[in-house]
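The following exercises introduce a structure to a reader who has not met it before. Each task is followed by a solution that proceeds step by step.

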Amino acid sequence: MKRIYISMFVLSGLLLSGCSNDFLDVEPTEAIPADPNLVNSDEGAKGFVTAIYNQFLGWEMSSFGWNAVSSIISDDADKGSDPGDAGGDKDIVDALTYNASTPSFQSTWNANYAGINRCNQALAMFPKLDQATPSLKARLVGETKFMRAFMYFTLVKGYGGVPIIDHLATVPISEEDRKMQLTRKSVAEVYAFIEQDLNDAIEALPLKSEYTGADVVRASKGAAYALLAKVNLYQKNWQKVIDNCDKVTGYSLVSDYSLQYKKEGEFGPESIFEINGVGSTSSPGFGIGNYTVSQAPRGAGGWGWGFNTPTEGLANAYEAGDVRKDATIIFRGSVLYDGREVPSTVANPRYNYKAYSSSFYNQEFTDTNLRYLRYAEVILMKAEALNELGETAAAIPLVNQIRHRAGLGDTPFTSQTDIRKAIYKERRLEFAFEHDRWFDIVRTGQAEAAMAADGKTFIVGKHELWPIPTSFLREANGLSEQNPGGY
Amino acid sequence: MKNFIFSFLALLLLPTFMLGQTQAIKGKVVDSNGMGIPGAIIASADARATADADFDGNFTINAKPGDILKVSMLGFDSVSVPATAATMTITLKEAGDTALKEVVVIGYGTRKKIDNTSAVSSIKSEEITKMKVMNASQAIQGKAAGVQVSTSDAPGSTPSVVIRGAGTALGGRNPLYVVDGMPTDNINNINTNDITSYEVLKDASSLAIYGTRGANGVIMITTKAGKGKITVDVESFAGVRSPLKTVKMANADEYVRYSNAAYSNDFPQGRFSANQPYNTDWLDAITRTGSYTQNNISVSGSSENVKYFFSLGNYEEKGILNGSDYGRTTFRNNNEFKLSEKVKLSQNFSVSNIKNTPMPLSAFTNAYRQSPLVPVRYADGKYGVPFISNGVVSETGTSFNNVGNPVAQLDYTNEQQQSVTLQGGLKLDWDILKSLKFTSQFNGEFYTYKQYNYVDNLALWLSADPTRVAEKYPSDLNKNTLTRNRDQYFNWNLSNYLTYNKVFAEIHDVEVTAGIEANVQGTREKLTIDRKNVNANSNYWSLKDVNVAGTVTGLKDEALNERRLASYFARFQYKLMDKYLVTGTVRRDGSSQFAEDKRWGTFPSVGLGWILSKESFLSNVEPINLLKIRGSWGRLGNQNVPLNTQLLTSGLDYSGLGSGTTINSQVDPNLSWEIVEELSGGFDFEVLNSRLKGSFDVYDKNTTNTILNVKPYSTSGITLATPAHVGEVSNKGYEIALRWDDKINDNLSYWVGGNFSHNKNELTSLKNVQLNPIIGGSLGNGQNTKILDNTSVGQPLGSFYMYEYAGVDPTNGQMLYYKADGSKVAQSGLDELKDKKYVGSLLPTSNYGVTLGLNYKNIDFSVDGYGTGGAKVYNGKKAQRFGGENVEASMANGFWTPTNTTSSIPAPSNLTPYASTYYLESADFFRINNITLGYKLPIRENNFISYCRLYVNAINPFITQKFSGFSPDVVSDGKLVEGTQGVELDAYPSLRSFVIGANLKF
């Protein structure tokens, strides 16, 4: 008996002293720890990049707030909806009376930095994944840097110079990392960072034609060149625009403009980079949350919230016979391409056709894609650069290429000034509701006049840049300053 | 061995030359009830012999008739009687100076109360069972200084217990319960009648031995053991319950008057006609008189080698909310086997089966808010809805508020919960040597739970609008939904320790305890299935061989992390000359919850005591029977803190590319338990023949590394807050307990007692970080009432944060509020960032209890009361307005009008009011918790029925409160900041109960 007790005691003593650390090693079961060994494979590595693409499906990244700050704000779109429904802040964004606490500027800031975090997480993880194929990892790095550049481009176009977060901060945060996160860099520094990322991406990415199957949604070498050309365009580096546009090869204009905005036209020969939505009736689905419904016809006979509606000014800007008008605007009382009727009882006269999804018209998650880079833009960027460099004659055929596809004749203009205006106008009509107009009118200096034509007051020296969110300035506590103009 | 003890004891006795012939003197030692006293020590100085009474109190000692036998037992007054040749019966009386004899349960052992250096509140079984409630913690409300108990009378609810203030904002705040050695979170499965003692360890000196689990205090519960001859104990009671306090709502006429004024802009002719067909009292419509019964039977006793205790109990309650039922059946068996002179094996086992049919408490809010114009049902049997047509409530028309019909809500609630808890343990005590004991204890707990919730969506849809017909029900909506839950876990605990106790040179009394413990809180496995369009008959939800995948809309199969603790502990207790006391404890805990290099922590404590009354300068001071001063310091941990594993976020799907993975949170690698350091001191005294007893304690408790959520900077792209050790929370307070017991004569004795405790809670400092504000106390209408952020330094935890009400604007009757600059504005002029202020906390700064009672012949009578001070309560149900709902009668009469501009009652309005001090009220209250009157039938002890006591009980018969709502004693979700604690919304009213019962012994 005694022996049993003694051995019991000794045994239990051993359990705790000898093996107590083993005893305390409990494998978690409720969540997956961030252990690189658990994702040390090709699939694991890809997952980190998929998460970045996924960020573009986010409500804050691509839907309601993004529509406000890139579209409703401009002369192409009104708030829409019912007068009493402000959609949070859409009324003051539309009227250019917003301030630094306006939520849509906050959510756009947060969403892009959340995406940048996903990029930095991926870049930090890849070196630890020694079981992943090196060539695949190199390509994934390229995709990651492309998307990081894309998001910084959005930030720099909107806010001007912003903090450049190029690595993960320590926890708790070091003083150096704190300064990195809270100090705005200059516009030039941000552009330099974007160009570096894009040049790295160009090195690593394959051509679009080399992607097969589902991989067609991924960023390609052509996308990186096209984005780099656009970055050059914003900095007025005209020769570089031309050089990089020339490197975007293997694409062509599709004959039917409207096809690009339908399910069957996605990722066609003209598509350089687009965000892919796949419709779903369950939640969460694989589409851009409420992107379609928030812009669908509202009121009696409608099925959506009716925000971000085309302005009368946009509707009137199209020349007669321009096929792009009916591909861009849903008119009250019309019948859509799939036979769905928009009765004359809906709340607003016009709606955004490019957000429409036939199969999932009233669902939260639809198959609507965002077309961010199309070959048409490469053509117009090159035309603009040529024209700015005085090669107007070389620019004109490019403009006409776009006009012909739209069902229009040759441009009647020949002077550099007129062609500049013609290019601006083609850009407006070609890329309407593709989240480009606001940045374009600011970039080209058209904003004051364009907004005045829309009945809004664009204050020069203020409205070129969005307000830096108050919440960030509070965090920065003096390390960063608000944009000029008295926000 | 026995010989050794005998000779040892004999040596201590005066050597006496024995003259006469010794013989075996036999006898029995009994208590005043005639029960044998096992373990009583019989010593004869004359015969130089000692003996122990056996389990029945019988003894045999070798002595001469006429020798003086000294009979003593812990807890009884010793007596000296001459030995007789005939079998003796020696009756011991329970000791009067209890503190000298009382034993308190401390971690891994017991200690004579007088020798204890720590602050422990002991509550005996009679005190716990006197108040007829289900959970023992509710019964101790007001009975232990420094222990704040908040209760809800909702059937089966768990009282919240806060010991010496709240030190954590995000971590777990519940004390650790140790039931017969098993650490557990909850004692709802314990039958109060099975408890023999309930002890609250309050200070660091007593708690440090529980290491990382000690910071919130520890409650030690010991269940009963058998003693003496076989006894059958039966107790039965039945009671009725009704709300202690109700709120008078506006009736139909008052509602019409109020609402017409509120709608006067849109409906200048008046929205509602004066003559309405209905006048519903909604609270009355959803409630009934509650009732509850409890029946217990226990069989206990002991023989020479076995002590046994069996008990079976059943508790059934019909809640006051229509349809809410609760039932609990418990079974317990505690046995103790004396395997040999040196080895004792104790075993305990309990089963509890709880069946609960809960009803949504939001029905109380809906009943408060729904208009009296709406009928429960229309004449055709359809449920009433807030529709109005031509100024009169009708089945058609426009809706005038968003409140559901609470009767329909209850009728269509179909939820059932059932849980079974098995707890059991084995404990081995082995006296290796006289002074060295080895204890090995294993305990296990198995819990299984199942629940279903069936929602008849079609019926709810129909009930929301009388004009609806079933054929028009949208085909893409579910006709019904069924949610089923399964939940189970197994926890176990193994502790092994040695206790060495020896007195050296008569003055050095040393006790050393050292041991090891392993604790596993097993994986909690949870299964949740959501289904749709199931058979309306619950019998056919789970058919054999039928694949129901098509009806499944959601499935969660979760396994929560297993948690393990490995511990070493030691305690040293030293008493010098019976006067000077030193206790030192240390515990080293390793927890699986923390990163490998942050796993182990050490928790020391030291306690000192000095029994002044044993000093020569006091020992002759007649009125002072006991005076002891105590002091202690210790360090405790709270390991109920957020997980510190960096996690992958997976399942981020991008169409076509499959599943995405990222990391969108960050973890501070330094995260570990919260550490509480406490310095405390106090004294105990007994004076005037121990008739007046009391104690005083003061403490300074500091949570040195409170965890709060730090907000990563926005540009980090990480929105999830990072818990980190950034705050300090201080709890400082004192506790006073006094009690006067006196016996006038053999027929009459009485007592009066009370306790008072005061605690000041404060978030004293924050590191230089940006906190992610914790916003709480949401009313669900966009208004929040609590916050914890960087501005909260200097405030108590659980602080309310809102606008300050500034009275009625005499020009238009609107409610006015103070802006930060002191000016008064209507709510549209307020700035959320500047004008809100801290206006007090939901935590009381003081609480107190009183008790008095008397025993006269066979009658016993006692009264217990409890009160709190310094807390605030937010009248959430009153503030939760969207427009068109009912108001209290006091709001609907005498309000501001253009002809009554001096009224303090605002003009009627349907605006959603901003959270303001208008709705914040004092939570101070004093309540008589319990009045008991009992009568013991004069039965002879040798009758078949040896004891019968009949009693009546009134629970919560009276309250004085400043709060205008149902109950200022609000538990709600028990979440200090982020939850709704302190806000009366969807709260169960406090109940008044009358109980009649009987207790019999056979």
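**Exercise 1.** Which residue of β6(A) does A:S271 stand opposite?

*Solution.* The model under study is a predicted one. Begin with the two strands concerned: β2 of chain A comprises residues 271-275, and 4 bridges pair this strand with β6(A) in the antiparallel sense. Within this pairing, the residue that faces A:S271 is A:R374. As a general point, the strands of a sheet are paired by hydrogen bonds of the backbone, in either a parallel or an antiparallel manner.

**Exercise 2.** Determine why strand β6 of chain A is described as largely enclosed by the rest of the structure.

*Solution.* The strand covers residues 370-374 of chain A. A residue is called buried when 20 or more other C-beta atoms lie within 10 Å of its own. Of the 5 residues of β6, 5 are buried, and therefore the strand is largely enclosed by the rest of the structure.

**Exercise 3.** Describe how helices α12 and α15 of chain A pack.

*Solution.* First, locate the helices: α12 spans residues 238-246 and α15 spans residues 375-388 of chain A. Second, state the geometry: the angle is about 145° and the axes are 8 Å apart. The crossing of α12(A) and α15(A) is left-handed. Third, list the participants. From α12(A) come A:W238, A:V241, A:I242 and A:C245, while α15(A) contributes A:V378, A:M381, A:K382, A:A385, A:L386 and A:E388. Finally, classify the residues of this contact: 8 are nonpolar, 2 are charged and no polar residue takes part.

**Exercise 4.** Is A:I423 buried or exposed, and with which residues is A:I423 in contact beyond its neighbours within four places in sequence?

*Solution.* A:I423 belongs to helix α17 of chain A, which runs over residues 416-430. There are 26 C-beta neighbours inside 10 Å, so A:I423 counts as buried. When neighbours within four places in sequence are left aside, the contacts of A:I423 are A:L380, A:A383, A:E384, A:N387 and A:V399. As for A:N99, 324 residues separate A:I423 from this residue in sequence, and the C-alpha to C-alpha separation in space is 32 Å.

**Exercise 5.** Characterise the side of chain A that touches chain B.

*Solution.* Start with the extent of the contact: 49 residues of chain A meet 52 residues of chain B. Next, identify the helices of chain A that each supply at least two residues to this side; among them are α1 (2-17), α3 (42-55) and α20 (470-476). The greatest contribution comes from α7(A), with 8 residues. By class, this side of chain A holds 32 nonpolar, 14 polar and 3 charged residues.

**Exercise 6.** In what order do the strands of the open sheet in chain B occur?

*Solution.* The sheet has 3 strands in the order β44-β45-β46, with antiparallel pairing. Its edge strands are β44 (804-808) and β46 (824-825), each of which pairs on one side only. Strand β45, residues 815-818 of chain B, is joined to β46(B) by 2 bridges. One bridge partner in β46(B) is B:V825, which is matched with B:Y817.

**Exercise 7.** Relate the annotated domains to their secondary structure.

*Solution.* In an unreviewed entry, UniProt lists "domain: SusD-like N-terminal" for residues 22-233 of chain A; this span is 58% helix and 2% strand. For chain B, an unreviewed UniProt entry assigns "domain: TonB-dependent receptor-like beta-barrel" to residues 391-956. That stretch is 5% helix and 55% strand, and its end C-alpha atoms are 44 Å apart.

Definitions and conventions:
Residues are numbered from 1 along each chain as its sequence is written. Chains are lettered from A and ligands numbered from 1 in the order in which they are written. This is a predicted model: local features need pLDDT of at least 70, side-chain atom pairs count only at pLDDT 80 or more; totals for chains, interfaces and linings use all residues. UniProt positions are given in the numbering used here, feature names are shortened, and annotations may be inferred rather than shown by experiment. Helices (H or I, at least four residues) and strands (E, at least two) are DSSP runs, numbered from the N terminus. Two residues are in contact if their C-beta atoms, placed from the backbone, lie within 7 Å. Ala, Val, Leu, Ile, Met, Phe, Trp, Tyr, Cys and Pro count as nonpolar, Asp, Glu, Lys and Arg as charged, and the others, Gly among them, as polar. Two strands pair if DSSP finds at least two bridges between them. Axes are lines fitted to C-alpha atoms, for helices over the stretch in contact, and angles run from 0 to 180 degrees between N-to-C directions. A crossing is left-handed if the near helix is turned anticlockwise from the far one by less than a right angle, and right-handed if clockwise. A residue is buried if 20 or more other C-beta atoms lie within 10 Å of its own, exposed if 12 or fewer, and partly exposed in between; C-beta atoms are placed from the backbone.
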